[in-house]
Amino acid sequence: MQIRSPGVWACVALAVAAVLFALLATNPYHASLVVWILTNAVLAAALRFVLQIGELNIATAAFFGVGAYTTSICAVLLGWPFWLTLLLAPLVAALLSALFGWVTLRTKGPYFLLVSFAFTEVVRLIYTQINVIGGNSGLVGMFPPMAIDAHYPAFAAALLAAALFALYGVERSDLGRLFKAIRNNDAIPRSVGLNVVFLKVLCVVIAAAAVGLAGGLHAYANNVIAPSDFSYFVAILALAYVKIGGEGHPMGPVVGAAVLTLVGQRVAGISAWENIFYGAVIVVALLAFPGGLIGLAGRVRGLVRGGAR
Amino acid sequence: MNGEASTVTGGEVILRAERLERRFGGLTAVSDFSFELRAGEILGLIGPNGAGKSTTFNLISGFIRPSGGRLVVMGRDVTGASATTISRMGLVRTFQHDSLLSEMSVVDNILVGASHRQRGHEKRMEKVREVAAMTGLADHLDTIAGNLPHGLQRMLSIAIALAAEPRILCLDEPLTGLQGAEVGAALDLFERLRTAHGLTILLVEHNMRAVMRACDRLIVLNYGRLLAEGSPEEVSRNEAVIEAYLGRKR
Ligand SMILES: Nc1ncnc2c1ncn2[C@@H]1O[C@H](COP(=O)(O)OP(=O)(O)OP(=O)(O)O)[C@@H](O)[C@H]1O
Ligand SMILES: [Mg+2]
């Protein structure tokens, strides 16, 4: 497979710039903002990844939480080494998502959406009921090792960017075509010997590994996690990023996450208004430009070109 | 494989349906239907609208399970086996409706067809080019399938199936809506698939002239039951068939 379009190089340049910014920013708030944006971008990209097979996976939020809790439990309660705790986050999230997918992806229709919602809330409630992992208040004290600590935002940004490129690489591969084929008309892949249930599970597992890693990185970035960080609302926000940025383009989730995260910083704190604000932005954006910001940019470019002729 | 076995009676039995039955609620779409497909032949499955032809396709390709009866493909009992399993054994079917990936390009459609058999992107692309050349799609590789002219859409659904390298190819009304010259080209393709590639073909088709020309043998379904069986000449002279099927058409 060859990915050598100028657009991809622009994205590589952008990722390098983001990592350098996180490395060199003098204000630690700015550095952590880069990590926050990229974390949201991975959540949105993973949600969009599963949309390829035509399923809205609310459990994106759950697997993000599973990654964060896996890392935190291994780090704080078990005292395992940093690298191992980070490696386990995507692995445990992937394993759990495989079980989840195997059970839920056999049927068509709205079941998956509903079950993924219920699953997310059940997992969150389970966290609150277990005292060793802090119940409602969660876990505190996940710190990166000294050698990395000073540059942790750049480190996390690099891994998150790598996760985004990995998702994009799969989307562009033959496997990505099979995912799209399932959404378009799943009878065709079945008729030529493909195991559609397996492929759907694989799609969910790949996305879960990406958000699992993001969860693990989030735990070290935040130093504290709580069950309420991983409610279904995380997935709703991710959906907003996808829709605002543009579902049709791989950069859509990144653009949407960047714009909404930055705007969100302005309204943060006035918490009752925050959700109303997000809701209003989403509704207005979807009505005004259904292709998202990227679709809007494409149309503007088309208009400019058309006018020049 | 069985290229030489193209006599009217064909070679060994490659598919055997024994007393197949399928009910949908109170409706029995197929009942007590037994037939054999022999290696290297082109067998026509005909019958009036709603006779149960597509249901039979769904049964033998594993897309739905029979309510009764048995299905043996290449000596193996595959009654109740999944579509994936049966396709991997070499029985690949096309669809009467929604027969392609309408939002994807012609390349991607055929690539999906080749995905299971061919390992690696390069091998798959080789297969895509080979099959596209055979089906007259070589100049349309980047077109979105849903935007193809109707005749080429029918060819594309066959191309998808061929990319999976079937031994048994089941075509559900592949000629519907084709123009005169296109029908001839499609029939030539079927003949070439049988002689040069050793395929066995089960053909459901309403175009009687084409069926008479292409098929070695015909079986006739009516209200889900076998009505007649024999050479195209025999069947076209059969009183019951004329009454049930040809009569209705005229
Ligand atoms: N999934 C289903 N549920 C209920 N009834 C069905 C289903 N599929 C087919 N039928 C019924 O079974 C009967 C046989 O349908 P089938 O599609 O097999 O006919 P056909 O011979 O392919 O007809 P045509 O020539 O019009 O394509 C019809 O009465 C049809 O309505
Ligand atoms: Mg039919």
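## Close-up views of a predicted model

**View 1. Helices α2(A) and α10(A) lie roughly antiparallel to each other, because their axes cross at roughly 165°.** This is a predicted model, as are the views that follow. To find the pair, look for residues 28-51 of chain A, which form α2(A), and residues 196-222 of chain A, which form α10(A). The two axes come within 9 Å, and α2(A) passes α10(A) in a left-handed crossing. On the α2(A) side, the contact is made by A:V35, A:W36, A:T39, A:V42, A:L43, A:A46, A:F49 and A:V50. Across from them, α10(A) offers A:C203, A:V204, A:I206, A:A207, A:A210, A:V211, A:A214, A:H218 and A:A221. Sorted by class, the residues of this contact come to 15 nonpolar and 2 polar, with no charged ones.

**View 2. Helices α7(A) and α8(A) meet roughly at right angles: they are roughly perpendicular, because their axes cross at roughly 70° and angles of 65 to 115 degrees count as such.** Here α7(A) covers residues 152-172 of chain A, and α8(A) covers residues 174-185 of chain A. Their axes come within 4 Å. From α7(A), the residues in contact are A:V170, A:E171 and A:R172. From α8(A), they are A:D174, A:L175, A:G176, A:R177, A:F179 and A:K180. The contact of α7(A) with α8(A) has 5 charged residues, 3 nonpolar and 1 polar.

**View 3. In chain B, helices α5(B) and α6(B) pack at an angle of about 10°.** That angle makes α5(B) roughly parallel to α6(B). You will find α5(B) at residues 150-163 and α6(B) at residues 180-197, with the axes 11 Å apart. B:G151, B:M155, B:I158 and B:L162 of α5(B) meet B:E182, B:A186, B:L189, B:F190 and B:L193 of α6(B). This contact divides into 7 nonpolar residues, 1 polar and 1 charged.

**View 4. Ligand 1 is surrounded by 13 residues.** The closest are B:G50, B:K53, B:S54, B:T55 and B:Q96. Three of the distances to oxygen atoms of the ligand are worth tracing in the view. At B:G50, a backbone N or O atom lies 2.8 Å from an oxygen atom of ligand 1. At B:K53, an N or O atom in the side chain is 2.8 Å from an oxygen atom of ligand 1. At B:T55, an N or O atom in the side chain is 2.6 Å from an oxygen atom of ligand 1.

Note on methods
Residues are numbered from 1 along each chain as its sequence is written. Chains are lettered from A and ligands numbered from 1 in the order in which they are written. This is a predicted model: local features need pLDDT of at least 70, side-chain atom pairs count only at pLDDT 80 or more; totals for chains, interfaces and linings use all residues. Side-chain values use heavy atoms; hydrogens and water are left out. Axes are lines fitted to C-alpha atoms, for helices over the stretch in contact, and angles run from 0 to 180 degrees between N-to-C directions. Helices (H or I, at least four residues) and strands (E, at least two) are DSSP runs, numbered from the N terminus. Angles under 35 degrees count as roughly parallel, over 145 as roughly antiparallel, 65 to 115 as roughly perpendicular and the rest as oblique. A crossing is left-handed if the near helix is turned anticlockwise from the far one by less than a right angle, and right-handed if clockwise. Contact means heavy atoms within 4.5 Å. Ala, Val, Leu, Ile, Met, Phe, Trp, Tyr, Cys and Pro count as nonpolar, Asp, Glu, Lys and Arg as charged, and the others, Gly among them, as polar. A residue is near a molecule or strand if one of its heavy atoms lies within 4 Å of it. A polar contact is a pair of N or O atoms within 3.5 Å; within protein, one must be able to donate a hydrogen and the other to accept it, and residues adjacent in sequence count only if both atoms are side-chain atoms.
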